[in-house]
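Please find below a short note on the structure you asked about. It is arranged as numbered points for a reader who is new to protein structures.

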Amino acid sequence: GGVSTDYRTLVASGSSLISESNVIGMINSQLQNQPLVAFAAILQRDPSCIASLARNPITSLADMVGRTICLPNSVRGQLSALMRRQGLDPDRVRFVPGGTDPSILMAGQVDGYYDWATRLKPALDQAGVGGHFLHFSDIGAPGYGELLFARHDRLETDFDLFVRYVRALIGGWSWMNAHPVETARIVCDKYAAPGTDLARQT
């Protein structure tokens, strides 16, 4: 899906079986009375962050006021809620929808860019640009990363299917951890953007 895709709605409607979210996303699902439940987490810490250039860092929520922040529409509500909790007005931030290309941050077209730090740091390093990473876990939203969720009823009726799914994920991640060089080569050859430096991925 694109930057406007609402993955929780897709799962809640039955159009998709499983998707990923974070802690705030799951809280929002409960506030919206969506019949969803998280059943596993891939990462122990949510790598979501607002990245900025080291020469013009965003080090707090207050630093976002008056600046332009690029982020998916699905994350805007989360960040706005965190700002309001600190007495800040999110309407004083210029939010623009974003995708998967941090070059707009490097070019100075935006002041902050949402993504995972695990993806952004290699990209900035490769471009020779220093960055600062404000993690969501440091601005009031600690939690796991890549929470896998499904409908309550599907988890109950197809429990064995979900068990097999998680076991397959564990097997895949275990293989990748044991074979990092091979994993990086497969990703670079088949899935990464053209020009991705294999050496930087290993």
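The points below concern the nonpolar cores, one pair of helices and some salt bridges.

1. The model under discussion is predicted.

2. The largest nonpolar core contains 19 residues, and those with the most contacts inside it are Leu 61, Met 64, Ile 69, Leu 79 and Phe 136. Strand E4 (68-71) and helix H3 (73-85) each contribute at least two residues to this core. The largest share, four residues, is supplied by H3.

3. Leu 79 shows how such a core is connected: leaving aside residues up to four places away in sequence, Leu 79 touches Ile 50, Leu 61, Met 64, Leu 71, Phe 95, Phe 136 and Ile 139. There is also a second, separate core of twelve residues, including Tyr 113, Ala 117, Leu 124 and Val 129.

4. Helices H7 (residues 159-178) and H8 (residues 180-190) have axes that come within 5 Å and cross at roughly 110°; H7 and H8 are therefore roughly perpendicular to each other. In this contact, Trp 175, Met 176, Asn 177 and Ala 178 of H7 meet Pro 180, Glu 182, Thr 183 and Ile 186 of H8. These residues comprise five nonpolar, two polar and one charged.

5. Five salt bridges are found in the whole structure. One of them joins Asp 138 to Arg 45, with the closest N and O atoms 3.4 Å apart. The two partners lie 93 residues apart, so this pair links distant parts of the chain. Asp 138 is exposed because its relative accessibility is 53%, whereas Arg 45, at 43%, is partly exposed.

6. Another salt bridge pairs Arg 119 with Asp 115, the closest N and O atoms being 2.7 Å apart. Here Arg 119 is partly exposed at 48% relative accessible area, while Asp 115 is buried at 9%.

Notes. Residues are numbered from 1 along each chain as its sequence is written. This is a predicted model: local features need pLDDT of at least 70, side-chain atom pairs count only at pLDDT 80 or more; totals for chains, interfaces and linings use all residues. Side-chain values use heavy atoms; hydrogens and water are left out. A nonpolar core is a set of buried Ala, Val, Leu, Ile, Met, Phe, Trp, Tyr and Cys residues joined through side-chain atoms within 4.5 Å. Buried means under 20% relative accessible area, exposed over 50%, partly exposed in between (1.4 Å probe, protein chains only). Contact means heavy atoms within 4.5 Å. Axes are lines fitted to C-alpha atoms, for helices over the stretch in contact, and angles run from 0 to 180 degrees between N-to-C directions. Angles under 35 degrees count as roughly parallel, over 145 as roughly antiparallel, 65 to 115 as roughly perpendicular and the rest as oblique. Ala, Val, Leu, Ile, Met, Phe, Trp, Tyr, Cys and Pro count as nonpolar, Asp, Glu, Lys and Arg as charged, and the others, Gly among them, as polar. A salt bridge is a side-chain nitrogen of Lys or Arg within 4 Å of a carboxyl oxygen of Asp or Glu.
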